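Me: I am new to this structure and would like a close look at a single part of it, the part where charged side chains pair up. Please go slowly, explain each term as it comes, and then lead me on to whatever else helps to place that part.

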Amino acid sequence: MRATQGPSELPEGWEWARLDDVCQVNPRKPQLKRGDEAPTSFLPMSGVDEVDGVASRLEVRPFKEVARGFTYFEEEDVLFAKITPSMQNGKSAVARGLLDGLGFGSTEFHVLRPGPRVTADWVHRFVRRWSFRQEAKEHFRGAVGQQRVPRGFLEEHLIPVPPTIEVQNRIVARIEALLVDAKEARALLETMRRDTDRVMDAVLEEVFARLDQAGSDSRLLKEVLRTKPQYGTSQKAYDVLPGTPILRMGNIINGRISFEDLKYVVLDPREEAKFLLRRGDILFNRTNSAKLVGKSAVYESSEATVFASFLIRLVVDPTLANPHYVVAYINSGRGRAYIRSQMTRAIGQVNVNATKIAAMPIPIPKLRTQEHIVAHLESVRVEVDEIRRSLNRDATLLNRVEQSVLEDAFRGKL
């Protein structure tokens, strides 16, 4: 191993080493003699739990389906996501429980195969540090939106190496012991998040059940629209100016429109005018996963903004319906049940077209009643949002605790 001067002092007996001195980086796949139908472990990027850093969902596929075009790895290899945003989110894991000790996975994994001087757990916890991921981000290469960590970054990066495997195992065990409480707290936070998300669903169900009991008139959604539903622009969007901001599927979150992570499109004046949003317009997500298709929100800004083709614009007649009321119904369990009944499936996604959403039956009480319902739901939403913010603050604190433990471990302070 090459003698290497590191960025900081280490405890006696420790050494700094390049990762490619203690690991094979992206080792070559050997020639495999395996039957086409042999069950083989496969790990998609979605199968990696970014919070705990484990392969939480290993699939089993016939060997012939995975033998070409995917990343090869073996038992105890460390998998590290190289593409944004998976890398920043912490998608890394140790490959364990593989059928016959080998597997395949997403092409967006780098593979680190530990040599005799380091353990998989030691390397894995080193690359899971937030500081390592931040440095990796600074070395991204590639086009915006498809940026990746280059192999050379991993090969050249320095890792502290304790004098023996026993020392590494002892420190890893210490890390696990210190993080037990943090993991339990995180699990509790996730339970609280799920319970918080159910609060709004329960309130919506109660509201619309009462309307049923009151015998409220029901109409088709198209009967309260001022114009026909409209699909958004399919013009290619870019991450930087110039152009007009465009809202996409990911900009509809928890029944509201988020203006974070905006992209921009360049349209001629006539096209821009066609797709410009106006205050009170409803955006309906027509294509997504089965869980997310149909999510809707009201546009309330006065900024010049257009919308993408996977969204549908609905414009209600203000003399008949309140757009916030209509969105509340679409996002309710009843509205979502109708959407599920109308879904058509494509590769990996489902779709609901404009004709089907326009035919949704919806209770339409008097406008004053709609406004009272909207005010009540908004008051509940304010409380729910505050709970979410509190849970997010707690999660941030837990992240800091975990990262502090990891940083101390690799300075030899545990």
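Reply: What follows begins with one helix and its salt bridges, and then moves outwards to other parts of the chain.

This is a predicted model, in which local features need pLDDT of at least 70 and side-chain atom pairs count only at pLDDT 80 or more, while totals for chains, interfaces and linings use all residues. Residues are numbered from 1 along each chain as its sequence is written, and side-chain values use heavy atoms, with hydrogens and water left out.

The helix to begin with is α4, which spans residues 120-127; helices (H or I, at least four residues) and strands (E, at least two) are DSSP runs, numbered from the N terminus. Helix α4 is mostly covered, since seven of its eight residues are buried, where buried means under 20% relative accessible area, exposed means over 50%, and partly exposed lies in between (1.4 Å probe, protein chains only). The buried residues are Ala-120, Trp-122, Val-123, His-124, Arg-125, Phe-126 and Val-127.

Within this helix, Arg-125 has a relative accessibility of 15% and therefore counts as buried. Its side chain meets that of Glu-176 in a salt bridge of 2.6 Å, N to O, a salt bridge being a side-chain nitrogen of Lys or Arg within 4 Å of a carboxyl oxygen of Asp or Glu. This pair links distant parts of the chain, for Glu-176 belongs to helix α7 (residues 165-213) and Arg-125 to helix α4, 51 residues apart. Glu-176, at 27% relative accessibility, counts as partly exposed. The two residues also take part in a network of salt bridges that links Glu-76, Arg-96, Asp-121, Arg-125, Glu-176 and Lys-183.

A search of the whole structure finds 33 salt bridges, and two others show what such pairs join. Glu-15 and Arg-117 meet through their side chains at 3.3 Å, N to O. Glu-15 lies in strand β1 (residues 15-18) and Arg-117 in the loop between β11 (109-114) and α4, so the pair ties together parts that are 102 residues apart in sequence. Glu-15 is partly exposed at 37% relative accessibility, and Arg-117 is partly exposed as well, with a relative accessible area of 30%. The other pair is Asp-281 with Arg-313, whose closest N and O atoms are 2.8 Å apart. Here Asp-281 sits in the loop between α8 (269-275) and β19 (282-285), and Arg-313 in strand β23 (residues 311-314), 32 residues away in sequence. Both Asp-281 and Arg-313 are buried.

Arg-381, in helix α12, offers a contrasting case: it is buried yet has no salt bridge, and the nearest side chain of opposite charge, that of Glu-378, is 4.1 Å away. For charge, Lys and Arg count as positive and Asp and Glu as negative, while His and the chain ends are not counted. Leaving aside residues up to four places away in sequence, Arg-381 touches Met-200, Asn-254, Gly-255 and Arg-256, where contact means heavy atoms within 4.5 Å.

One of these neighbours, Asn-254, has a positive phi of about 50° although it is not a glycine. Asn-254 lies in the loop between β16 (252-253) and β17 (256-257), and it is partly exposed, with a relative accessible area of 46%. Asp-100 likewise has a positive phi, of about 60°, without being a glycine; its place is in the loop between β9 (92-94) and β10 (102-105), and at 63% relative accessibility it counts as exposed. Most residues other than glycine have a negative phi, and most peptide bonds are trans.

Two peptide bonds in the model are worth noting beside that general rule. A cis bond joins Thr-84 and Pro-85, with omega about 0°, and Pro-85 lies in the loop between β8 (78-81) and α3 (86-89). The bond from Leu-241 to Pro-242 is also cis, with omega near 10°, and Pro-242 lies in the loop between β14 (230-231) and β15 (244-247).

Strand β8, named just above, holds Leu-79, which at 1% relative accessibility counts as buried. Among the residues that Leu-79 touches, not counting those up to four places away in sequence, are Leu-43, Phe-73, Phe-109 and Val-111.
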